[in-house]
Amino acid sequence: IHDMNGTALTDPTAFSQFWGLTPEIIRSSPPVSGAFISDPKCYYDAATARFFITELEMATNPATGAFEAPSAVLIAVSPADDPTGIWKVYMLDTTDPTGAGCPCFGDQPLIGADANGFYVSTNEYSISSLDFNGAQVYAIDKVALAAGSPANVVAINAGAIATPDPGGIWYSIQP
């Protein structure tokens, strides 16, 4: 974490350590794979004076590193407008066990917010075939997240909603 002048306020921290995960690769003999994480995003919300961070997480086979279920979007919320404190971490399960080719994962999480909610969208892909099923949108109670409380989540399968072009499906929705 750096201040507005670029001065480091904390030591560097690996995201796997920030999230409380094992390292992505443990360089032992033989190597061991931990959870795969990708696509971090950060958002400062002036209304709640909180920072929000998200990142995709996928389980891997420890011996081979191959992707497997479950998957999640990890969400962290700063305790105040000072991001150097201890963050509250949440896990939003994005493993769809019922869609075509699933279990699936939510790729490329995008984030946004308004007065009431914190929103995450993902692109759902089959873990085994990487077939695309469409976009998912998750609406989360922002005030509850900022308070460190369990938050209500409403999931919308936007891939099931018709697009203006014939036969199209929604992808990469920016909340």
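## Trp-170 and a nonpolar patch

Trp-170 counts as partly exposed in this predicted model, with a relative accessibility of 32%. Along the chain, Trp-170 belongs to the segment that follows β10. Its side chain is part of a nonpolar surface patch of about 340 Å², which Trp-170 makes together with Val-154, Ile-156 and Ile-161. The cut-off matters here: patches are made of residues with over 30% relative accessible area, and Trp-170 stands at 32%.

Ser-172 is also found in the segment after β10, a strand that covers residues 153-157. Ser-172 is worth a look for its backbone, since its phi is near 45 degrees, a positive value in a residue other than glycine. At 39% relative accessibility, Ser-172 counts as partly exposed.

## Strand β3: a backbone angle and a salt bridge

Let's move to strand β3, which spans residues 36-45 and includes Asp-39. Asp-39 is a non-glycine residue with a positive phi, near 60 degrees. Is Asp-39 buried or exposed? Its relative accessibility is 18%, so Asp-39 counts as buried; the limit for that class is under 20%.

The structure holds one salt bridge. Which side chains meet in it? They are those of Asp-45 and Lys-142, with 3.2 Å from N to O. Asp-45 lies in strand β3 and Lys-142 in helix α2 (residues 142-147), so this pair ties together parts of the chain that are 97 residues apart in sequence. In general, side chains of opposite charge can pair when their charged atoms come close. Both partners have low accessibility values: Asp-45 is buried, with a relative accessible area of 3%, and Lys-142 is buried too, with a relative accessible area of 1%.

## Two cis peptide bonds

Here are two spots to check in the backbone. A cis peptide bond joins Ser-29 to Pro-30, with omega at about 0 degrees. Where does Pro-30 lie? Pro-30 sits in the loop that runs between β1 (25-26) and β2 (32-33).

A cis peptide bond is also found from Ala-69 to Pro-70, where omega is near 5 degrees. Pro-70 lies within a strand, namely β5 (residues 67-77).

## Thr-94 in its loop

Thr-94 is placed in the loop between β6 (88-93) and β7 (104-113). Although Thr-94 is a loop residue, its relative accessibility is 4%, and Thr-94 therefore counts as buried.

How far apart are Thr-94 and Leu-74 in sequence and in space? They are 20 residues apart in sequence, and their C-alpha atoms are 9.9 Å apart in space.

## The largest pocket

Rolling a probe the size of a water molecule over the atoms shows where empty space is left. In this model, the largest pocket holds about 350 Å³ of space. It is lined by 15 residues, and those closest to its centre are Ile-1, Thr-10, Asp-11, Thr-13 and Phe-18.

What classes of residue make up the lining of the largest pocket? There are nine nonpolar residues, five polar and one charged. Asp-11, one of the residues closest to the centre, belongs to a type that counts as charged.

Terms used: Residues are numbered from 1 along each chain as its sequence is written. This is a predicted model: local features need pLDDT of at least 70, side-chain atom pairs count only at pLDDT 80 or more; totals for chains, interfaces and linings use all residues. Side-chain values use heavy atoms; hydrogens and water are left out. Helices (H or I, at least four residues) and strands (E, at least two) are DSSP runs, numbered from the N terminus. Buried means under 20% relative accessible area, exposed over 50%, partly exposed in between (1.4 Å probe, protein chains only). On a 1 Å grid over the protein atoms alone, a cavity is a set of points where a 1.4 Å probe fits but cannot get out, and a pocket is an open set with protein on both sides within 12 Å along at least five of seven lines; lining residues have an atom within 4 Å of a point. Grid points are joined across faces, edges and corners, and a volume is the space filled by probe spheres set on the points. A salt bridge is a side-chain nitrogen of Lys or Arg within 4 Å of a carboxyl oxygen of Asp or Glu. Patches are made of residues with over 30% relative accessible area and no salt bridge: like charges are joined within 9 Å, nonpolar side chains (Val, Leu, Ile, Met, Phe, Trp, Tyr) within 5 Å. Accessible areas come from the Shrake-Rupley method with a 1.4 Å probe; for residues, only the protein chains shown count as cover.
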